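Biologist: I would like to learn how to read a model of this kind, feature by feature, with the general idea coming before the particular case. Could we go through it together?

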Amino acid sequence: MQQQRPPPTVRAVTIPFADLSDRGKDLSDKIEEGFGRQGLGIVSIADVPGYPELRKRLLRLASRVANLPEEVKKELEDPSSRYNFGWSHGKQKFESGKFDTFKGSYFANPLLNVPTTDDALVTRFPSYCRPNIWPTDDLPELETAFKDLGKLVLEVGLLLAHHCDQYVMNQELGPCAGESLEQTLARSRCHKGRLLYYFPQKFSKQKEDQSISSWCGWHTDYASLTGLTYALFMRKSVEIPCPDSGAGLHIRSRDNQVVKVTFEDDELAYITGETAEILSRGHLRATPHCVKAPSSEDASLVDRSTFALFVQPNWDEKIKIPSEYPYHKELLIPPNETLAYGEYSERILNKHYEGRT
């Protein structure tokens, strides 16, 4: 049997933080290369002040969360939010409808412990409006580490959104539909952080048939931008380099080719989501992606931790889904329908968590 060739490896488009923080600098070429119609939908930011320390401080806590006693983790679950606050494991569905049991997640709003006190909103948009849950007694350092990194990822993301707005204006000689992406995201109260812990697996030999999506199934984020840290790999609590060169983030290109995308451990990456594509009228393109687990014998008993921040509009922001974009179809949303962002994302959650629309 002919061995399948691994996907090619591509370096993410990288922008120095000094350039990103200069609001007058023209970064259109970089934005187009990374987020444009032919880009892979990913950009990394280098030399962000304070980022490497905050990254390690939080990621080292992921395994400690996952290994809390089961009765403690049960208290940290929030079924009413569809497990979108606190601890979540084996609740979400990807691809074929199977439950994703390879990773556990801890969700929280890094800006606001209580996004709103309006009971009607809490009932209507529980995935965004319910309060944070923290293991105050069992792991008190988690809250501060989570919030500090989340706030930094948001600050850098808003700078990136500013340059995205400038790029779209250069394309159309006018602003984005409605207000700018930066303004829309800056006033949001429902940005959501996700600390992810991928459980170790045991291998006796290289598994040639290991799926590209073995650690996280193929999906497209529905946020505007997803801030993503470089993963931290550990074996028995000792930090190690990634044990398998074929493992990691994979993206489906615009010509339907799968590529592995890399960035450095001290860089902060951002992936484009569906609402960025919708709000920019297609000038910024959302990207399908997945995560491949290490599968060689050297990867036995290795775990992986990372952090994602979903930078997204507020629950009541109006999102018009033009007919030329496919995102309305599988959710049974009529073309050119206008929905609140909270309603749009709730329909996606229906699909991922309950298998219905």
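Modeller: We will go from the overall make-up to helix packing, then to cysteines, backbone angles and a few loop residues, keeping in mind that this is a predicted model.

Biologist: How many helices and strands are there in the chain, and what share of its residues counts as buried?

Modeller: The chain holds 10 helices and 19 strands, and of its 357 residues 57% count as buried. A further overall figure concerns contacts between residues at least 6 apart in sequence, of which 78% join residues at least 24 apart.

Biologist: Let us turn to helix packing. At what angle do H3 and H7 pack, and how far apart are their axes?

Modeller: A packed pair can be described by the angle between the axes and by their separation. Helix H3, which covers residues 51-66, and helix H7, which covers residues 141-172, pack at about 140 degrees with their axes 9 Å apart. Angles over 145 degrees would count as roughly antiparallel, and the two helices are therefore classed as oblique to each other. The handedness of the crossing is a separate property, and for H3 and H7 the crossing is left-handed.

Biologist: Which residues make the contact between H3 and H7?

Modeller: From H3 the contact draws on Tyr 51, Leu 54, Arg 55, Arg 57, Leu 58, Leu 61, Arg 64 and Val 65, while H7 contributes Glu 141, Leu 142, Thr 144, Ala 145, Phe 146, Asp 148, Leu 149 and Leu 152. Sorted by class, the residues of this contact are 10 nonpolar, 1 polar and 5 charged.

Biologist: H7 also meets H2; at roughly what angle do their axes cross?

Modeller: Helix H2, residues 28-35, has an axis that comes within 9 Å of the axis of H7, and the two cross at roughly 95 degrees, which means that H2 is roughly perpendicular to H7. On the H2 side the residues are Ser 28, Ile 31, Glu 32 and Phe 35, and they meet Leu 160, His 163, Cys 164, Tyr 167 and Asn 170 of H7. The classes in this contact are 5 nonpolar, 3 polar and 1 charged.

Biologist: Cys 164 appears in that contact; how many disulfides does a search of the whole structure find?

Modeller: In general, a disulfide is a covalent bond between the sulfur atoms of two cysteines. The search of the whole structure finds 0 disulfides. As for the surroundings of two cysteines, Cys 164 is buried at 1% relative accessible area, whereas Cys 242 is partly exposed at 28%.

Biologist: How should a backbone angle be read, and what is the phi of Arg 82?

Modeller: Most residues other than glycine have a negative phi. Arg 82 has a phi near 60 degrees, a positive value in a residue that is not glycine. Its place is the loop between helix H4 (70-75) and strand E4 (86-89), and at 17% relative accessibility Arg 82 counts as buried. Arg 281 likewise is not a glycine and has a positive phi, of about 55 degrees; Arg 281 sits in the loop between H9 and E16 and is partly exposed, with a relative accessible area of 27%.

Biologist: His 283 is in the loop between H9 and E16 too; is it buried or exposed, and which residues does it touch?

Modeller: His 283 is buried, at 8% relative accessible area. Setting aside residues up to four places away in sequence, His 283 touches Phe 35, Gly 36, Arg 37, Tyr 167, Val 168, Gln 171 and Glu 172.

Biologist: Which other loop residues could show how sequence separation and spatial distance are read together?

Modeller: Ser 295, in the loop between strand E16 (289-292) and strand E17 (302-311), is buried at 0% relative accessibility; Ser 295 and Asp 244 are 51 residues apart in sequence, with 7.0 Å between their C-alpha atoms. Asp 255, in the loop between strand E13 (248-252) and E14, counts as exposed at 53%, and its C-alpha is separated by 8.6 Å from that of Gln 38, 217 residues away along the chain.

Definitions and conventions
Residues numbered from 1 in each chain as written. Predicted model: local features only at pLDDT ≥ 70, side-chain atom pairs only at ≥ 80, totals over all residues. Heavy atoms only, no water. Axes fitted to C-alpha atoms, helices over the stretch in contact; angles between N-to-C directions. Helix = DSSP H or I, 4+ residues; strand = E, 2+ residues; numbered from the N terminus. Parallel < 35°, antiparallel > 145°, perpendicular 65-115°, else oblique. Left-handed = near helix turned anticlockwise from the far one by under 90°. Contact = heavy atoms within 4.5 Å. Nonpolar A, V, L, I, M, F, W, Y, C, P; charged D, E, K, R; others polar. Disulfide = S-S within 2.5 Å. Buried < 20%, exposed > 50% of the residue type's maximum accessible area, 1.4 Å probe, protein only.
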